[in-house]
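Student: I've got a model open and I'd like to learn how to read it feature by feature. Can you walk me through it?

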Amino acid sequence: MKNKILFVVSLLFGLMFINSGLNKIFQYMPMPKDMPENMVKLVEAFAAITWLMPLIVVVEVIGGVLVIIPKYRALGAIMILPVMVGILLTHIFNAPSGLPIALILTAVLTWIMIDNRAKYAALFR
């Protein structure tokens, strides 16, 4: 039962990151009009660094796909980890209204990584 729940949660988590990455390319979801001013400045700063957004898109899409596939879930989770840290810190310091979703996503990523901890053991030897 645990494996089925983990698969569904991983599927939703992966689809969320795939959607986020594709939205950065195709911009099919409009930006909120009531974004805090510091978030607008942050988005503009990210846009000024021309190589950063394509890198984030690639990591989110590939990491999201890998998280969905059970065999590669550990690799996808480790790819998404730096992006997730950025998301969490952004919501802690700049946009607290999105913090509940960021905490849920962080909890899911933590669960995935704990479930795959044996695969990470070689990184710490």
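Student: What percentage of the 125 residues in the protein chain do buried residues make up?

Tutor: Keep in mind that this is a predicted model. Buried means under 20% relative accessible area, and buried residues make up 31% of the 125 residues here.

Student: How many helices and strands does the secondary structure come to?

Tutor: It comes to 6 helices and 0 strands, so reading from the N terminus you get α-α-α-α-α-α. The radius of gyration is 15 Å, close to the 14 Å from the globule rule for 125 residues, so the chain is as compact as a globular protein of that length. Along the principal axes, the C-alpha atoms fill a box of roughly 40 × 30 × 30 Å.

Student: Among contacts with a separation of 6 or more, what share comes from residues 24 or more positions apart?

Tutor: That share is 67%. For a single pair, take leucine 103 and leucine 22: they sit 81 residues apart along the chain, and their C-alpha atoms are separated by 22 Å.

Student: Is leucine 103 buried, partly exposed or exposed?

Tutor: Leucine 103, in helix α5, counts as partly exposed because its relative accessibility is 45%. Partly exposed covers the range between the 20% and 50% cut-offs.

Student: Let's turn to the surface. Which residues form the nonpolar patch?

Tutor: Start with the whole surface: about 8,200 Å² is accessible, and 75% of that belongs to carbon and sulfur atoms. The patch has about 1,100 Å² of accessible area together, and its members are Val65, Ile69, Tyr72, Leu75, Ile78, Leu81, Val85, Leu89, Ile92, Phe93, Leu123 and Phe124. Helix α4 (residues 73-93) gives the largest share, 7 residues.

Student: Why does leucine 89 count as partly exposed?

Tutor: Look at its relative accessibility: leucine 89 is at 42%, so it counts as partly exposed. You'll find leucine 89 in helix α4.

Student: Now a polar residue. Where is asparagine 116, and is it buried or exposed?

Tutor: Asparagine 116 is in the loop between α5 (99-115) and α6 (117-120). It counts as buried because its relative accessibility is 8%.

Student: Which backbone oxygen does the side chain of asparagine 116 reach, and which residues does asparagine 116 touch, leaving out those up to four places away in sequence?

Tutor: The side chain reaches the backbone oxygen of isoleucine 112, at 2.8 Å. With residues up to four places away left out, asparagine 116 touches Arg73 and Ala74.

Technical notes:
Residues numbered from 1 in each chain as written. Predicted model: local features only at pLDDT ≥ 70, side-chain atom pairs only at ≥ 80, totals over all residues. Heavy atoms only, no water. Helix = DSSP H or I, 4+ residues; strand = E, 2+ residues; numbered from the N terminus. Buried < 20%, exposed > 50% of the residue type's maximum accessible area, 1.4 Å probe, protein only. Polar contact = N/O pair within 3.5 Å; in protein donor to acceptor, adjacent residues only side chain to side chain. Contact = heavy atoms within 4.5 Å. Patch = residues over 30% accessible without salt bridge, like charges linked within 9 Å, V, L, I, M, F, W, Y side chains within 5 Å. Areas by Shrake-Rupley, 256 points an atom, 1.4 Å probe, with all protein chains shown as cover. Salt bridge = Lys/Arg side-chain N within 4 Å of Asp/Glu carboxyl O. Rg over C-alpha atoms; globule rule 2.2 N^0.38 Å.
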